[in-house]
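User: I should like to work through a protein structure by means of questions. Please reason through each answer step by step.
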Amino acid sequence: MQMEDGTEGDMENSHMSHNDPLTLNDSTGENDLIIPPVLEHEDDEGIVYNIEAQEGSTQFFDGYQTETYGYNGSFLGPVIRVNRGQTVKIRTSNKLSDETTFHWHGLELPGEADGGPHQNLKSGESRIIEFKVDQEASTLWFHPHPEGKTSEQVYKGLAGLIYIDDENSGNLGLPSDYGVNDIPLIIQDKKFDDQKQLNYQEAKNEDGTIGDALLINGTLNPKLTVNNEKVRLRILNGSNARNYTFKLSTGNSFVQIATDGGFLNKPVTLNEIKLTPSERAEIIVDFSGYDSSSDVALINEDETILLPFAINNQLIDSGNIPESLNDFAVTDEERNLPVSKKLELFGMGNMVTINGKQFDMERIDFTQKQGVTEIWEIYNKPDMMGGMIHPFHIHGTQFKIISIDGIEPPENEQGWKDTVAIQPGEKIKLAVKFKNKGIYMFHCHVLEHEDNGMMGQVKVE
Ligand code: C2O
Ligand code: CU
């Protein structure tokens, strides 16, 4: 390799830059963290929510308007909050000048409502979807999924959260005062050009676009003011490609209480947590031992300050986190099932494949019976350069990780997942069951890999 004179091919360069990602700038903490609004439904009878994809402009920097996309606003979207058991209607409208789709990441709903690339809405079109919420309390999200355009549309600002509440979540006594001690954190990195625009084509990297500016909930240089109490952070890695390892600047531990699709059985104490694109984790940080003079922040593994906390000297007794949160289990039967689907992830840049093939809308790659558990084995085949982590996601289901290279997953991944980070050379077994019928995507959630065809389709019948 001759990197010194910069004459290497583009693919080589993009691969290198991905393994050695641009560093993020520290948050200077001058802006209060934006808390996304919770969307009210319009009609109690049918529980109708309105979601509009729009173009707009957003002020991230004084004196500059950045052209952005958003749901019901100029950047990101509201939180759609629903209860298990409810029948929900969402009126989705495309007010963009481009086509789009509305995908509900992590929701177990019928294929025709899932919002994959088949459910395209042209500019000006709208569609109502209806489904029954039939899964446990969790933090999910929604984003566009038009063929080949997901990465650009998410990058420009299309993403929002979905909260599911159920009886269990209501009874656990966890911090749940929205925006006070129950805080959503949509973590994204962007690259602003000289004019403070998000020029996707300029920033684009075929192996995943990486930025140097961090936005949390669309806030540049955020800080969060908290009371002297336990605070629940619902973290979504909403970045196109960047992986984060979250830690506290004090080195203190925190507890994780939930994975992508529900609560862990019991709180797991951690010093750091890694999230790849589209993964979520709910963690609880105990601020009762700090006061207003404390210097504490959420940082990345390289010590970059992501979110400094300002602490109110107001001691609030927030009680204990219950020892038992859920009854998730991998059964012996699931452990003993033979592998029935094998997937091999390989390649880089725009040559990424699954089982040697790139995405084709007209091709169904697998079929599976509704309600029947199958074992999917996913292998991340290394390349000459070593390869990279692929966050593997399946639509329309929450799955269980059975094993990683034959070994039980770490305690904090023994819960419902819809995305799993697969290291180069790793082989992962998943127990996958679909509650509904339809055609569902599975793909790498590095959004440029998804757009470049590291995606396939399973038909559930
Ligand atoms: Cu987060 Cu195919 O999606
Ligand atoms: Cu990938």
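User: With which residues is Met 361 in contact, leaving aside its neighbours within four places in sequence?
Analyst: In this predicted model, Met 361 belongs to the loop between β23 and β24 (366–368). Pro 117 lies 244 residues from Met 361 in sequence, but their C-alpha atoms are 8.0 Å apart in space. Once neighbours within four places in sequence are left aside, the contacts of Met 361 are Pro 117 and Glu 147.

User: Is Met 361 buried or exposed?
Analyst: A residue counts as exposed if 12 or fewer other C-beta atoms lie within 10 Å of its own. Met 361 has 11 other C-beta atoms within 10 Å, and therefore Met 361 is exposed.

User: Is Gly 261 buried or exposed?
Analyst: Gly 261 sits in the loop between β16 and β17. The cut-off for a buried residue is 20 or more other C-beta atoms within 10 Å. Because Gly 261 has 26 C-beta neighbours inside 10 Å, Gly 261 is buried.

User: How far apart in space are Gly 261 and Ser 138, C-alpha to C-alpha?
Analyst: Residues that Gly 261 touches, beyond those up to four places away in sequence, include Gly 106, Gln 135, Ser 138 and Trp 416. In sequence, Gly 261 and Ser 138 are 123 residues apart. From C-alpha to C-alpha, their separation in space is 5.2 Å.

User: Which element gives the most to the side of domain 2 that touches domain 3?
Analyst: The domain assignment places domain 2 at 182–315 and domain 3 at 332–460, and the contact between domain 2 and domain 3 takes 21 residues from domain 2 and 24 residues from domain 3. On the side of domain 2, the elements that give two or more residues are β16 (254–259) and β17 (262–270). With five residues, the element that gives the most is β17.

User: How many residues of the side of domain 2 that touches domain 3 are polar?
Analyst: The centres of domain 2 and domain 3, taken over C-alpha atoms, are separated by 26 Å. The residues on the side of domain 2 that touches domain 3 include six nonpolar and four charged ones. The number of polar residues there is eleven.

User: Which residue in β21 stands opposite Leu 224?
Analyst: Strand β13 (residues 222–228) pairs with strand β1 (residues 31–32) in the parallel sense over two bridges. Strand β13 also runs parallel to strand β21 (residues 305–315), to which four bridges join it. Opposite Leu 224 in β21 stands Phe 309.

User: Why do β23 and β27 each have one side without a neighbour in the sheet?
Analyst: The strands form an open sheet with mixed pairing, in the order β23-β22-β25-β29-β27. Antiparallel to β23 runs strand β22 (residues 339–346), joined to β23 by two bridges. Because β23 (353–354) and β27 (400–404) stand at the edges, each has a single partner strand.

User: Which residues have the most contacts inside the largest nonpolar core?
Analyst: In soluble globular proteins, nonpolar side chains tend to be buried together. The largest nonpolar core here has 106 residues, and its largest share, five residues, comes from strand β30 (residues 438–444). Ile 162, a member of this core, is in contact with residues including Ile 80, Trp 104 and Phe 142. The residues with the most contacts inside the core are Ile 162, Ile 235 and Leu 430.

User: What is the phi of Leu 76?
Analyst: Most residues other than glycine have a negative phi. Leu 76, in the loop between β3 (66–71) and β4 (80–83), has a positive value. Its phi is near 55 degrees.

User: Is Lys 196 buried, exposed or partly exposed?
Analyst: Lys 196 lies in the loop between β10 (182–190) and α4 (200–203), and its phi is near 60 degrees. Lys 196 has 17 other C-beta atoms within 10 Å, so Lys 196 is partly exposed.

User: Over which residues is the pLDDT below 50?
Analyst: The protein chain has an average pLDDT of 94, and 95% of the residues score at least 70. One stretch has 18 contacts in the model beyond near neighbours in sequence, yet its pLDDT is below 50. That stretch is residues 1–17.

Technical notes
Residues are numbered from 1 along each chain as its sequence is written. Chains are lettered from A and ligands numbered from 1 in the order in which they are written. This is a predicted model: local features need pLDDT of at least 70, side-chain atom pairs count only at pLDDT 80 or more; totals for chains, interfaces and linings use all residues. Domain bounds come from an automatic or database domain assignment. Two residues are in contact if their C-beta atoms, placed from the backbone, lie within 7 Å. Ala, Val, Leu, Ile, Met, Phe, Trp, Tyr, Cys and Pro count as nonpolar, Asp, Glu, Lys and Arg as charged, and the others, Gly among them, as polar. Two strands pair if DSSP finds at least two bridges between them. A nonpolar core is a set of buried Ala, Val, Leu, Ile, Met, Phe, Trp, Tyr and Cys residues joined through C-beta atoms within 7 Å. pLDDT is the predictor's confidence in each residue, from 0 to 100.
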